Amino acid sequence: MKVRVRYAPSPTGYQHIGGLRTALFNYLYAKASGGDFILRIEDTDRSRYFDGALQDIFDTFNWLGIDYDEGPNKPGANEPYFQSERLELYNKYAHELVDKGWAYKCYCDSERLAKLKEEQEKNKQSFGYDRHCRDLSAEEIAKLDAAGTKYVIRFKAPLEGKTSFDDKILGHIEVENNTLQDFILLKSDGFPTYHLANIVDDHLMGITHVLRAQEWIPSTPNHILLYKAFGWEHPEFCHLPMVMGQDGQKLSKRHGATQVMEFRKNGYLPEAIINFIALLGWSLDDSTEMFSLAELSKVFDIARINKSPAVFNYDKLKWFNGVYIRQKSDEELLDLVLPYFVQRGLVGENVSADERAYLLRLIPLLKERIELLSDAPDIVEWAFGELPPYKAWEAIYPKKVEPAAVVRILNDEYDILSNLDKESDEDLQHKIYELAAKYEVKAGAVFMPLRIALTGTNKSPELFPVMHVLGLDKVLARIKAAIAKIESEQS
RNA sequence: GUCACAUUCGUCUAUUGGUUAGGACAUCGGGUUUUCAUCCCGACAAGAGCGGUUCGAUUCCGCUAUGUGAUACCA
């Protein structure tokens, strides 16, 4: 049978890491098994819905390159893919269950329910609906309906026996039916709850495997019972391990960025996110760890998903990001990094051909030095405009060398550079090395002052490429400025 | 409280009865005769505890502990 899986987000918030992991695993399983991946929007909670959330789902998928076979904006046999457009369906099925005796109308209002819960808490009883309306007589029901009393439809959970299922990841899971609730299927506003809508749609859409987070385990017996009540076969269940923060708590905002598009803004590459998330609870073997989405789509296997929760480790994500950045061509990386230069005000919105060519020359200098795309401007800030204020002498290394000697060295370097005659970088480098011998200092003592003069910092890309980018005029001017600076700092 | 699930280096994981328990990130040290970074090499570091089963348990079973999740007219 052809595999059919789905990701069914509810547009009540921005896509976060946990949701993405679920989406990814579903997508990968579909692709690896030659099946279909369906996107279904579970917008049954009207109070929490907002438009931005829906757009964010699409943006997230687009950015990461996750595509669906059926879903919004993609005509398919199972339209529509918004649950808010399938309301009559759920209504019909809910009442069908009432007629068959698997469910009942409950007329309890929220006031009574609140009071009930309060009492249960006070008496340290286990919580839950007390099944007040479960055995109402036909007359009572007729009376309440005639009065137009609002009601919800609740499932009639069996009072005894056990319900079990075999999870593809966790194995056999079993619960006593007397621990189950008479959960709500249809809310008083006519909208279905997750439990009803999810089961109806999964069945109607021919879903064969449900991959979802482990937080759903407790409601799975309810779902099994629902399938039974409808006389439908239930899909396979695969409960994915949870994603936690560094402290072992469920990943949330206080752990840092958790919204997917936030990662994009912060300079992460989709390749890194995909690769990292794929390895949260899944592995191919004991050594392979670099995977593209396409590769994952071939080798992904449910059997290799593990059971225990995984901590989201920003350090490793960053490492992946750096690796993928270094795999980019200069042109590609320039396009990726450009927005951050614009944001910093280093270039304008409309980049001229000359500006672009200039930026392109900077890429090799920063490529090996950045972990996040957003780090780029910091590395090559010296290449734009005037140098920011810096303390020349304090930054000079090694400190043992006298200021007067540093000035002499810089003057010599100025002379060497102003008398250039088509020397190669190697020749030039050799000449500067000779200064170290001349003044009996270490190589660092001749290179570091130059580095600071040109970039204003003691941590910079390689010196010679920096000089090429800057051009001779600027190089000479900056050396002169540094000499003046040291002299004034010393006096 | 009740119910469920989980438990290998700090973190992600491999090992599905017999291994010096392997790899990666992070950390630390070294190298690449100028910084930072890249790259390379090396070091550190793990089977929650207690009982079984077995010739032999990280691996199977039980208990305990700890952690997490669920317990909504949210998903």
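Modeller: In this predicted model, a residue is called buried if 20 or more other C-beta atoms lie within 10 Å of its own, and exposed if 12 or fewer do.

Colleague: Which residues of strand β2 point one way and which the other, and are they buried or exposed?

Modeller: In strand β2, residues 36–39, D36 and I38 point one way, while F37 and L39 point the other way. The four are all buried, so each must have at least the 20 C-beta neighbours that the term requires.

Colleague: How do you know that β1 and β2 are paired?

Modeller: Strand β1, residues 4–7, is joined to β2 by 4 bridges, and the two run parallel; pairing asks for at least two bridges, so the term applies here. Within this pair, V5 of β1 stands opposite F37. From β1 the chain passes through helix α1, residues 17–32, before it reaches β2, and the β-α-β crossover made in this way is right-handed.

Colleague: What makes you call strand β8 largely enclosed?

Modeller: Strand β8 covers residues 209–213, and because 4 of its 5 residues are buried, the strand is largely enclosed by the rest of the structure. Its partner is β9, residues 236–240, to which 5 bridges join it in a parallel arrangement, with A213 standing opposite L240. Here the connection runs from β8 through helix α7, residues 220–230, to β9, and this β-α-β crossover is likewise described as right-handed.

Colleague: Which residues touch the most other members of the largest nonpolar core?

Modeller: The largest nonpolar core has 82 residues, among which L24, I273 and I277 touch the most other members. Helix α1 contributes the largest share of this core, 9 residues. Leaving aside neighbours within four places in sequence, I277 is in contact with L20, R21 and L24; R21 is an arginine, a residue type that the core definition does not list, so this contact does not make R21 a core member. There is also a second, separate core of 21 residues, which includes Y93, Y104, A157 and I184.

Colleague: Why is N73 called exposed?

Modeller: N73 has 8 C-beta neighbours inside 10 Å, and because the limit for the term is 12 or fewer, N73 counts as exposed. The residue lies in the loop between α2 and α3, and has a positive phi of about 65° although it is not a glycine. The loop between α2 (51–64) and α3 (87–99) also holds P80, which is joined to E79 by a cis peptide bond with omega of about -10°.

Colleague: And what makes E440 count as exposed?

Modeller: With 8 C-beta neighbours inside 10 Å, E440 falls within the limit of 12 or fewer, and therefore counts as exposed. E440 is found in the loop between α17 (425–438) and α18, and its phi, near 55°, is a positive value in a residue other than glycine.

Colleague: How many residues surround RNA strand B, and which are the closest?

Modeller: RNA strand B is surrounded by 64 residues, of which K250, D286, S308, V311 and F447 are the closest. The elements giving two or more residues to this surface are α4 (110–122), β6 (171–176), β11 (310–311), α11 (314–326) and α18 (443–455), and of these α18 gives the most, with 5 residues.

Colleague: How is the surface near RNA strand B divided by class?

Modeller: The surface near RNA strand B has 21 nonpolar, 22 polar and 21 charged residues.

Methods
Residues are numbered from 1 along each chain as its sequence is written. Chains are lettered from A and ligands numbered from 1 in the order in which they are written. This is a predicted model: local features need pLDDT of at least 70, side-chain atom pairs count only at pLDDT 80 or more; totals for chains, interfaces and linings use all residues. A crossover is right-handed if, with the strands pointing away from the viewer, the path from the first strand over the helix to the second runs clockwise. A nonpolar core is a set of buried Ala, Val, Leu, Ile, Met, Phe, Trp, Tyr and Cys residues joined through C-beta atoms within 7 Å. Two residues are in contact if their C-beta atoms, placed from the backbone, lie within 7 Å. A residue is near a molecule or strand if its C-beta atom, placed from the backbone, lies within 6 Å of it. Ala, Val, Leu, Ile, Met, Phe, Trp, Tyr, Cys and Pro count as nonpolar, Asp, Glu, Lys and Arg as charged, and the others, Gly among them, as polar.
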